Amino acid sequence: MPPFHGKVTFVGAGPGDPELLTLRGAEVLGQADIVFYDYLVNPLQLRRAAPAAQKVCLGSHRDGRILSQAEINKHVICAAHKGQQVVRLKGGDPSIFGRLSEEIAALEDAGVSYEIIPGITAALAASSHAGIPLTHRQRASCVAFVTGQECRDKEGAELDFSKLSAFPGTLVFYMGVTTAPVWAVELMAHGKPAKTPVVIVRHCSLPAQCTVRTTLGQLPEVLSPGKLRPPAIVIVGDVAEESSSHTWFTSRPLFGSRALVTRAAHQSGTMVDQLTELGASVLMQPAIEITAAADHRPLDTAIDNLAHYDWLVFSSANGVQYFLARLRQLGGDLRRLGSCRIAAIGPATAAALEACFLRTDLQPDENRAEALVEKLVPLATGKRVLLLRGSRGREVLQESLGEAGIDVEQVVVYQSRDIEQAEPTIAAALHSGEVDWITVTSSAIAGSLVRMFGEDLKQARLAAISPLTASVLEEAGFPPAVVAKEYTTSGLLEAIVGEQ
Ligand code: SAH
């Protein structure tokens, strides 16, 4: 037994889409102390690692800082010797053109134990995402993965192009973009017909995926220097004829567009997932931050006196979460709500309640304070109502219920604060017109975005969740391109898709 218990796990990170990772890979990433990743790995994949885990990029061609294999081995072994759980995250599958054997040999020499978790290799992702079957009952009974970059110091046999040309199936070239003029010509010189169909799939499984259809004869021209940059997979063979210009992947409604999600960080998950599923490339720049109320006392008093109220009215999901969290902190639980009836302003608020096993007694058809007042007044007349709200909520509920003679009290449960400075990369992307849509999901967010980005907001189309949010944007001189008909996240996405 070695004197340390560090272990290295090779994890195949898949082709790019962060969802294309095995369950075991995700589990091991979540437990890692340190992750060494290749430049082709999508950085979003690193979100599966613990925030405290160290994440080390092993260099990229772009910034010209690539570690040698010996340096990589040294770092990995050193971490394992310290007793750390090391993940070596490699693009696609670790065993396909990934120098796995060299890394394993170094670990074995150093007495470090290891595990290998496979991943989806780029050829398979290109096949599924560009709609090209790599094998076919009539047209290809076998498939070969071929490197376009022969290892220069390799002894003996180089790729045998006479055998490759006669290969009775599909050839899939990795790392073949810059070298295509060499290998395509070699294949033809050894008898592969110039009319052999070819498909190039660049950035497969990512929102930037693009596909070029051509033939072997035209390939040197199509891939001549500077025309198409790596990474790309080149599929050579009759199956390439099977591809159609639109696949399930590229025909998703928002494919090719870039959307900025501006919700508070802890709330952006659902919208990011939905946009991604619709095919958009998603950027995140929270415009506001939500925290518990600075002064707890009014809420604590209200919680102490819960038995005194007949109705609890929640005007947002945040209100539900911060109210119940404080109730719990004070030592209480759901039983303290006793016979209080519960009103929610809209479906997201009702869903937040439901997630805590609380049924909503009243919810208006339209996600708006005025609609809630209309429904609540007849039921709450002569009763005591507690409004649980954010620091920047509207006064409509309090005022209208008060005017209707209802005994109403309101308490600030959470506060929202503007984020003042945008991430420089996001600001630059917006400034240069690389953002297609900005989602604006509340009036507070609208105001914050106007202050954060100013005139640059005109570089993208704004999508407002409700007429109220739209009016904040309009008044500031930035009329939205679309306004949701139903004032929910789904309603907003529907409006964007409708305008696409
Ligand atoms: N181990 C990796 C391959 C590493 S070699 C795997 O199994 O996929 C790097 C080459 O992989 C690139 O030059 C390119 O040919 C291919 N590649 C990796 N990711 C790709 C992607 N998202 N789209 C197209 N090709 C990709």
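The following conversation between a trainee and a mentor goes through a predicted model of a protein chain with a ligand.

Trainee: Before we turn to single residues, how many helices and strands are there in the protein chain?

Mentor: The protein chain has 500 residues, of which 48% count as buried, and its C-alpha atoms fill a box of roughly 90 × 60 × 45 Å along the principal axes. Within that chain there are 17 helices and 20 strands.

Trainee: Which residues come nearest to the ligand?

Mentor: The shell around the ligand divides into twelve nonpolar residues, four polar ones and one charged one. Of the 17 residues in that shell, those that come nearest are Pro15, Asp93, Ile96, Thr121 and Ala232.

Trainee: How much of the area that the ligand exposes when taken alone does the protein bury?

Mentor: It helps to begin with the contacts, since a backbone N or O atom of Ala232 lies 2.7 Å from an oxygen atom of the ligand. A polar backbone atom of Ala122 is 2.9 Å from an oxygen atom of the ligand, and for a polar backbone atom of Met175 the distance to a ligand oxygen is 2.9 Å. Taken alone, the ligand exposes 550 Å², and the share of this that the protein buries is 90%.

Trainee: Met175 also belongs to a nonpolar patch on the surface; what is the accessible area of the patch together?

Mentor: The patch is formed by Phe97, Ile120, Leu124, Val143, Phe145 and Met175. One of them, Phe145, is found in strand S6, residues 143-147, and counts as partly exposed because its relative accessibility is 30%. Taken together, the residues of the patch have an accessible area of about 460 Å².

Trainee: What is the phi of Phe97, and where does this residue lie?

Mentor: Most residues other than glycine have a negative phi. Phe97 is partly exposed, because its relative accessibility is 36%, and it lies in the loop between S4 and helix H3 (100-110). Its phi is positive although the residue is not a glycine, with a value near 45 degrees.

Trainee: Which residue in the loop between S8 and strand S9 has a positive phi?

Mentor: The loop in question comes between S8 and strand S9, the latter covering residues 210-215. The residue there has a relative accessibility of 22% and therefore counts as partly exposed. Its phi is near 50 degrees, and the residue is His203.

Trainee: Which two residues does a cis peptide bond join?

Mentor: Most peptide bonds are trans. Here, however, omega is about 0 degrees at a bond whose second residue, Pro231, has its place in the loop between helix H7 (219-222) and S10. The cis peptide bond joins Pro230 and Pro231.

Trainee: Why does the salt bridge of Arg88 and Asp38 tie together separate parts of the chain, and how many residues apart are they?

Mentor: Side chains of opposite charge can pair when their charged atoms come close. In this pair the closest N and O atoms of Arg88 and Asp38 are 3.0 Å apart. Arg88 lies in strand S4 (residues 85-90), whereas Asp38 lies in the loop between strand S2 (34-37) and strand S3 (54-57), so the parts that the pair ties together are separated in sequence by 50 residues.

Trainee: Is Arg88 buried or exposed?

Mentor: A residue is called buried when its relative accessible area is under 20%. For Arg88 that area is 1%, so this residue is buried.

Trainee: How many residues apart are Glu241 and Arg139, whose side chains meet in a salt bridge?

Mentor: The N to O distance in this salt bridge is 2.6 Å. Glu241 counts as exposed because its relative accessibility is 52%, whereas Arg139 is partly exposed, with a relative accessible area of 30%. Glu241 is in the loop between strand S10 (232-236) and strand S11 (258-261), and Arg139 is in the loop between helix H4 (122-130) and S6, so that the pair links distant parts of the chain, 102 residues apart.

Trainee: Which backbone oxygen does the side chain of Thr196 reach?

Mentor: Thr196 lies in the loop between helix H6 (180-189) and strand S8 (197-202), and it is buried because its relative accessible area is 7%. At a distance of 2.5 Å, its side chain reaches the backbone oxygen of Pro193.

Technical notes. Residues numbered from 1 in each chain as written. Predicted model: local features only at pLDDT ≥ 70, side-chain atom pairs only at ≥ 80, totals over all residues. Heavy atoms only, no water. Patch = residues over 30% accessible without salt bridge, like charges linked within 9 Å, V, L, I, M, F, W, Y side chains within 5 Å. Areas by Shrake-Rupley, 256 points an atom, 1.4 Å probe, with all protein chains shown as cover. Salt bridge = Lys/Arg side-chain N within 4 Å of Asp/Glu carboxyl O. Helix = DSSP H or I, 4+ residues; strand = E, 2+ residues; numbered from the N terminus. Buried < 20%, exposed > 50% of the residue type's maximum accessible area, 1.4 Å probe, protein only. Near = heavy atom within 4 Å. Polar contact = N/O pair within 3.5 Å; in protein donor to acceptor, adjacent residues only side chain to side chain. Nonpolar A, V, L, I, M, F, W, Y, C, P; charged D, E, K, R; others polar.
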